[in-house]
Amino acid sequence: MLSQDTNLTPATPITLTILGAGQRGYIYASFALKYPNWLRIVAVAEPNQIRREEMAQQHGIAPENVVSDWRDLVNRPQLSDAVAICLLDNLHCAACVAFANHKYHILLEKPMATTMDDCLKITDAVSRAGTLFAVSHVLRYTLLNKAIKKILDEGTIGQVINIQHLEPVGFYHFAHSFVRGNWKNEGESTFSLMSKSCHDIDLIAWFMGVPCERVSSFGSLTHFKPSGKPIAAGSATRCLSCPVANQCPYDAKKIYLNPVIESGLTTWPVSVITEIPDIENVTRALEEGPYGRCAYECDNDVVDQQAMNMDFTGGATAAFSMVATTEALCERKTRIFGTLGQLEADADTNELRWFDFVKRERKVFYPYEEDPESAKSGHGGGDFAFLRTFLNAIVRKEQKGMPSVQETLNSHIYVFAGEHARRTGTVVNVEEYRQLHMKQMLTQSSTSTTNEDI
């Protein structure tokens, strides 16, 4: 069921412009195919011709609204109720500010931006525009995590004392995205804690419900570097020519080619490396493209494991871990300890368990058994649940159900502060860190204005 509140159904479908027809843009656009009475895609900007034309054809987009560069759309008369910004991370700020200035409601793919200054610019632009705004921190919207939040808010386990949260990235997923893929290099994208884990830090902050005051962090690029390469691999720099590829967990043939040969796989991750995911094109991609490179001979520099500690107002603490080399594929594990009980959640089994200290009673709950349909999109149903919430907010004309832009900024500040703590080996005071960056931004703005006057 799309929404339990039938009064919210729009008289006509909400219209959406898609900037970036990659994996995330495709997911949001696919919602319109399933729920055409709620959403209609009316424009797309995508530099890749095949993806651009495929989305245009699927959604019947008028030719004049099918462009390669998002800048070709921004200065036209308003094309849609909202825009979904699914561009590369370092393009988020420019696009978000531009469309906010034109009064679009904004769905912004995570992260908000790759620098603190850009996050502040987005916050300012959205606040001035007064439009609805949501960053796709989709973990907030899964039935499992909403059930956790309800238990915490009702005081079922008393006052929260500590949260332990694990993000197991998945051994081949990390190699695909963060060693060979778009998020492998900080100069090209951003650091791991931001690109991979910003919605985990947001989730922890949401569960706590009070500000984070101090952070510390440790982590490094431990495995995916030349020193981790098997000696027997010799000088091989590509999997297809490696003499010991069959003994390597990151053999590109195992990850991409074998699934095509054995089961005809055409979806992620194969769909990322070639536009036509058949044996011939996948083989060519592994011979010539970045996804066929040895996982120990790439230009990656982002950390493959990181721990972050958070100290919250009132004394509660949280410990977050991101680990690349795991069997589980992004199926988070969460443990929360309160004064009256403890809670454990497993996104793999969708099982929620808690123990009542007073009654000496253990309970088990499976949220998706009550609403199986909610698990049918990515991130445990979080992708579509997030989009439903965004569309409902547009119908209501209020931010209800979504964090404010300031709350979203706060969780990003925790991430920036955490990475600063890792790099400097210090405990970072969050408010001092925030004020320092705001002061620097004001100084830069003042200098820029002075130079323009000259």
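**L343 stands opposite W354 in strand 13, in a close-up of the hairpin of strands 12 and 13**. The model is a predicted one, in which local features require pLDDT of at least 70 and side-chain atom pairs are counted only at pLDDT 80 or more, whereas totals for chains, interfaces and linings use all residues. Residues are numbered from 1 along each chain as its sequence is written, and side-chain values use heavy atoms, with hydrogens and water left out. Strand 12 (residues 341–346) and strand 13 (residues 351–356) run antiparallel and are joined by six bridges; strands here are DSSP runs of E of at least two residues and helices are runs of H or I of at least four, numbered from the N terminus, and two strands pair if DSSP finds at least two bridges between them. D346 has E351 in strand 13 as its bridge partner. Four residues lie between the two strands of this hairpin, and N350 takes a positive phi near 55°.

**Strand 13 also forms a hairpin with strand 14**. The two strands run antiparallel and are joined by five bridges, with strand 14 covering residues 361–365. L352 is placed opposite F365 in strand 14. The hairpin has four residues between its strands, and within the turn R360 shows a positive phi of about 55°.

**Strand 11 and strand 12 make a hairpin with two residues between the strands**. Their pairing is antiparallel and extends over five bridges, and F337 stands opposite Q342 in strand 12.

**The hairpin strands belong to an open sheet of nine strands with mixed pairing**. The strand order is 14-13-12-11-7-10-9-8-15, and the edges are strand 14 and strand 15 (428–429), each of which pairs on one side only. At the strand 15 edge, strand 8 (residues 212–220) pairs with strand 15 in the antiparallel sense over two bridges, with V215 opposite V428. Helix 6 (residues 143–153) packs on the sheet, touching strand 7 (160–168), strand 11 (333–338), strand 12, strand 13 and strand 14, and its direction makes about 15° with that of strand 13; contact means heavy atoms within 4.5 Å, and angles run from 0 to 180 degrees between N-to-C directions, with axes fitted as lines to C-alpha atoms and, for helices, over the stretch in contact.

**Helix 9 has both the sheet and helix 14 as packing partners**. On the sheet, helix 9 lies across strand 7, strand 9 (305–312), strand 10 (317–323) and strand 11, and runs at about 160° to strand 7. Helix 9 (residues 198–208) also packs with helix 14 (residues 405–424) at an angle of about 115°, the two axes being 9 Å apart. From helix 9, the residues C198, I201, D202, A205 and W206 meet E407, S411, H412, Y414 and V415 of helix 14.

**R332 and E167 meet in a salt bridge between their side chains**. The N to O distance is 2.7 Å, and a salt bridge is here a side-chain nitrogen of Lys or Arg within 4 Å of a carboxyl oxygen of Asp or Glu. This pair links distant parts of the chain, since R332 is in the loop between strand 10 and strand 11 and E167 is in strand 7, 165 residues apart. By this rule, the count of salt bridges comes to 28.

**Two cis peptide bonds, at P111 and P269, and the positive phi of K103 are shown in loop close-ups**. Most residues other than glycine have a negative phi, and most peptide bonds are trans. The peptide bond from K110 to P111 is cis, with omega near -5°, and P111 is located in the loop between strand 5 (105–108) and helix 5 (116–129). The bond from W268 to P269 is likewise cis, with omega near 0°, and P269 is in the loop that runs between helix 10 (252–263) and helix 11 (270–273). K103, a residue other than glycine, has a positive phi near 70°, and K103 lies in the loop between helix 4 (92–101) and strand 5.
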